[in-house]
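Visitor: I should like a close look at a single part of this structure, followed by an account of how the remainder is arranged around it. Please begin with the surface and proceed from there.

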Amino acid sequence: MATTFYAFCLLSALQLWLVVVRATTADSCYYYPLPDLPISQDNRTIPWGEPTITYTNGTTCCSTLDQVRDELDAIDSQLLQLLSERSAYVREAARFKATEESVNDPSRSQQVIQDAIDAAPSVHLPQIVAKMVFEGIINSSVPFEECIFNAYDDDSC
Ligand SMILES: *[C@@H]1O[C@H](CO)[C@@H](O)[C@H](O)[C@H]1NC(C)=O
Ligand SMILES: *[C@@H]1O[C@H](CO)[C@@H](O)[C@H](O)[C@H]1NC(C)=O
Ligand SMILES: *[C@@H]1O[C@H](CO)[C@@H](O)[C@H](O)[C@H]1NC(C)=O
């Protein structure tokens, strides 16, 4: 009897431990650099785990990969719109630079990227996404702004 109880306690403790460790391991994926996890050899039954998105009306997502992709597509079109607006301000920034050399401001660029990485956890954004996306935004916006600066002569003649 005592042994059964002890075994039960041990099992519960083990389950609790597994739950805690799993949550902690997934949480570490939100920080940069990513944890160095061993590659899983699982072949899981799909869908595995539990839905991780809960809407304000209490329903959860997602039930199918198509549903996931529809949501991603909708967000991607919002991102395109936001990047268009951002690029409009990048173009404006060029008007406040006197020389082509001053268009690229590496310390400002580094600050923009670092700010995104630092703010990421507060909005539950993986830091690797913040880092790579903002590097991509900067790496593409600098040449775009340089092009705008260089194109001005062409416009005036
Ligand atoms: C995973 O399991 C499924 C179902 O048993 C099987 O059809 C599939 O070949 C397995 N895939 C791999 C990579 O082992
Ligand atoms: C709950 O909200 C989600 C997201 O806004 C929506 O797609 C879904 O249809 C809603 N479900 C119900 C039962 O209202
Ligand atoms: C952005 O450019 C920097 C400097 O050239 C490079 O180290 C980095 O890998 C680039 N990042 C991306 C996401 O393109």
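**A nonpolar patch and its surroundings**

Guide: Ile 75, Leu 79, Leu 82 and Leu 83 together make a nonpolar surface patch of about 350 Å². The model in which this patch appears is a predicted one. Ile 75 belongs to helix α2, which comprises residues 65-94. With a relative accessibility of 45%, Ile 75 counts as partly exposed, because the exposed class begins only over 50% and the buried class lies under 20%.

The helix that carries Ile 75 is part of a protein with four helices and two strands. Along the sequence these elements follow the pattern α-β-β-α-α-α. Of the 157 residues in the protein, 11% are buried.

Helix α4 deserves attention next. Ala 130 lies in this helix, and its relative accessibility of 1% places Ala 130 among the buried residues. The C-alpha atom of Ala 130 is separated by 5.4 Å from that of Ile 117, although the two residues are 13 apart along the chain.

Helix α4, spanning residues 127-156, also holds both Lys 131 and Glu 135, which are four residues apart, about one turn of the helix. These two side chains form a salt bridge in which the closest N and O atoms are 2.9 Å apart. Lys 131 is buried, at a relative accessible area of 17%, whereas Glu 135 is partly exposed at 24% relative accessibility. The cut-off of 20% falls between these two values, and therefore the partners are assigned to separate classes.

Glu 135 has a further role in the description, since it is one of the residues around ligand 3, together with Met 132, Gly 136 and Asn 139. A side-chain N or O atom of Glu 135 is 2.8 Å from a nitrogen atom of ligand 3. For Asn 139, a side-chain N or O atom is 2.3 Å from an oxygen atom of the ligand. On its own, ligand 3 has 360 Å² of accessible area, and the protein covers 34% of it. The shell around ligand 3 consists of one nonpolar, two polar and one charged residue.

Ligand 2 has its own set of surrounding residues, namely Tyr 55, Asn 57 and Thr 59. An oxygen atom of ligand 2 lies 2.3 Å from a polar side-chain atom of Asn 57. Taken alone, ligand 2 exposes 360 Å², of which the protein buries 32%.

To return to charged pairs, the whole structure contains four salt bridges. Side chains of opposite charge can pair when their charged atoms come close. Besides the pair in helix α4, Glu 92 and Arg 95 meet through their side chains in a salt bridge, with an N to O distance of 2.8 Å. Glu 92 is partly exposed at 34% relative accessibility, while Arg 95 is exposed at 59%. Another salt bridge joins Arg 44 to Asp 42, whose closest N and O atoms are 2.9 Å apart. Here Arg 44 is partly exposed, with a relative accessible area of 37%, and Asp 42 is exposed at 51% relative accessibility. The value for Asp 42 counts as exposed because that class requires over 50%.

Several features of the backbone complete the account. Most residues other than glycine have a negative phi, and most peptide bonds are trans. The peptide bond from Tyr 32 to Pro 33 is cis, with omega near 0°. Pro 33 is placed in the loop between α1 (2-28) and β1 (53-54). A cis peptide bond also joins Cys 61 and Cys 62, with omega about 20°. Cys 62 is found in the loop between β2 (60-61) and α2, the helix to which Ile 75 of the nonpolar patch belongs.

His 124 has a phi near 55°, a positive value in a residue other than glycine. This histidine lies in the loop between α3 (106-119) and α4. With a relative accessible area of 52%, His 124 is exposed.

How values were computed:
Residues numbered from 1 in each chain as written. Chains lettered and ligands numbered in written order. Predicted model: local features only at pLDDT ≥ 70, side-chain atom pairs only at ≥ 80, totals over all residues. Heavy atoms only, no water. Patch = residues over 30% accessible without salt bridge, like charges linked within 9 Å, V, L, I, M, F, W, Y side chains within 5 Å. Areas by Shrake-Rupley, 256 points an atom, 1.4 Å probe, with all protein chains shown as cover. Buried < 20%, exposed > 50% of the residue type's maximum accessible area, 1.4 Å probe, protein only. Near = heavy atom within 4 Å. Polar contact = N/O pair within 3.5 Å; in protein donor to acceptor, adjacent residues only side chain to side chain. Nonpolar A, V, L, I, M, F, W, Y, C, P; charged D, E, K, R; others polar.
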